[in-house]
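Please open the model in your viewer and keep the sequence beside it. The tour below moves from one selection to the next and says what is found at each stop.

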Amino acid sequence: MISHLDQVLDCFVRMDVERLELLLSDQFTYSDVSKEKFLEAVDIFFQDYRNEDPPTFQFQIFPGACCNKSCDLHLGTTAYRFIGASDIYTDIRFILEEKVGEESVVKDIYNCNQLITNEISPEVQMQRILWVFEDDKITTQLPPNYALQLSQALSAESSWKMKTKDFPIQIADVRSWLAVHENLFHDLGGHPPSYEIIWKWDRFLVLYSNLKKFVQFLDDLDPHLQKFSDLKGRGLPESELLRWIVELEKLLEKKYSKVYGWFYELKNLGFAWHITIYISTRFQTEDQLITDLQAFLSWFEKERKKLFDHYFSMTSGEVDQFMDQAKHPYEIYRVITLVSYHLAIRERFKKQGVYIPFNLGKDLDLEQYRLIV
């Protein structure tokens with residue numbers, strides 16, 4: 001006889017929500033939400049796997065045990081790893097209700113944060129969580145104005161989708177949307193979600209935070225764009241250019257770019273710019289400001305590369321030795337990217353009476369190291 005657990009597991013493996021609905025009981029909660037809400041979450045979870053490239057239509061499953069001592073171990077440690085076609089995986093724990101003389105049934109299901117499989121499973125790339133909304137949990141105390149605030153957040157998100165659905169917009173439209181919904185954003189906490197818990201209004205918070213950061217980016221670069229425009233192609237003395245490039249570099253590194261690049265992507269579609277912020281927020285614009293921004297950043301990267309090659313402070317042997325000893329991608333990134341890093345090294349040696357030759361970076365192939373970070 002096939003156990004209730006085996007039947008439930010088969011539903012997960014085959015991504016069968018309809019059969020799972022028949023197997024789970026209305027009297028239990030799953031991940032602290034009702035059966036109905038849990039199945040809604042499972043359906044979205046399965047759909048995320050189906051939408052990947054390559055899509056998943058059936059999981060590989062590997063039994064294991066939850067090894068987190070902070071969990072209620074007296075409830076059992078039965079857990080399983082589900083691996084999709086794209087090597088994304090999800091670890092889920094199943095709690096059984098066992099009665100003497102009766103078949104044990106699955107009475108709870110939730111994410112496992114510390115699973116060890118009984119056998120070695122294939123290498124996996126990234127974990128996906130089976131999320132349930134915090135709003136739906138029976139243990140959650142909803143804020144007094146919850147219904148109104150949720151309605152406003154969903155309406156705000158919907159208005160943005162309608163605004164950006166078919167036509168390019170102007171940056172002024174982005175600023176206007178942010179201004180209209182500023183109070184709501186602050187009423188909901190004034191910061192993006194933590195991703196440890198998920199509320200139904202979090203998509204609005206993510207959207208607002210992403211757009212706000214992009215607009216702040218434009219505002220921070222505005223005086224530099226104006227200075228660039230005033231130059232009208234005229235060159236600057238190297239000392240002044242160096243100060244400006246380093247100032248820009250420090251601004252961008254502090255707030256907007258790091259090892260893995262910008263917080264946004266920009267593509268020219270011919271008739272408009274396509275902007276993607278932190279993967280999830282997208283819109284198109286014909287705004288001249290974005291054209292000017294791209295021209296300025298291209299100029300910045302070109303001028304920085306010239307200065308970087310000139311002020312690079314390491315020989316090829318020193319680079320190889322450094323790469324062998326580097327423990328973090330950011331250490332490598334600083335060496336192969338930042339002018340300010342090499343200026344600091346030169347200044348440190350200069351104080352000791354040691355003068356490093358210039359143009360050490362011109363003959364080095366540093367692109368090979370960019371693959372590392």
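Throughout this tour, buried means under 20% relative accessible area, exposed means over 50%, and partly exposed lies in between, with a 1.4 Å probe and protein chains only. This is a predicted model, in which local features need pLDDT of at least 70 and side-chain atom pairs count only at pLDDT 80 or more, while totals for chains, interfaces and linings use all residues. Residues are numbered from 1 along each chain as its sequence is written, and side-chain values use heavy atoms, with hydrogens and water left out.

**Stop one: pairs of opposite charge**

Begin with Lys 255, which is partly exposed at a relative accessible area of 35%, and add Asp 220, which is buried at 18%. Their side chains meet in a salt bridge, 2.7 Å from N to O, where the term stands for a side-chain nitrogen of Lys or Arg within 4 Å of a carboxyl oxygen of Asp or Glu. This pair links distant parts of the chain, since Lys 255 belongs to helix 8 (residues 238-255) and Asp 220 to helix 7, 35 residues apart. Helices (H or I, at least four residues) and strands (E, at least two) are DSSP runs numbered from the N terminus.

Next select Arg 203 and Glu 157, whose closest N and O atoms are 3.5 Å apart in another salt bridge. Arg 203 lies in helix 7 (residues 202-231) and Glu 157 in helix 4 (residues 146-164), so the pair ties together parts that are 46 residues apart in sequence. Arg 203 counts as exposed at 53% relative accessibility, whereas Glu 157, at 8%, counts as buried.

For a pair within one helix, go to Lys 305 and Asp 309, which form a salt bridge at 2.8 Å between the closest N and O atoms. Both lie in helix 9 (residues 288-311), 4 residues apart, about one turn of the helix. In total, the structure holds 16 salt bridges.

**Stop two: the largest pocket**

Now return to Arg 203 and show Tyr 195, Ile 198, Val 206 and Ser 280 with it: of the 39 residues that line the largest pocket, these five are the closest to its centre. A pocket is sought on a 1 Å grid over the protein atoms alone, as an open set of points where a 1.4 Å probe fits, with protein on both sides within 12 Å along at least five of seven lines, and lining residues have an atom within 4 Å of a point. Which element gives the largest share of this lining? Colour helix 7, for 8 of the lining residues come from there.

**Stop three: Asp 136**

Move to the loop between strand 6 and helix 4, where Asp 136 is placed. Asp 136 is buried, with a relative accessible area of 17%, and a polar contact of 3.0 Å joins its side chain to that of Lys 200. Such a contact is a pair of N or O atoms within 3.5 Å; within protein, one must be able to donate a hydrogen and the other to accept it, and residues adjacent in sequence count only if both atoms are side-chain atoms.

**Stop four: Ile 171**

Finish at Ile 171 in helix 5 (residues 171-180), which counts as buried at 4% relative accessibility. Leaving aside neighbours within four places in sequence, Ile 171 is in contact (heavy atoms within 4.5 Å) with residues including Phe 214, Leu 218 and Phe 283.
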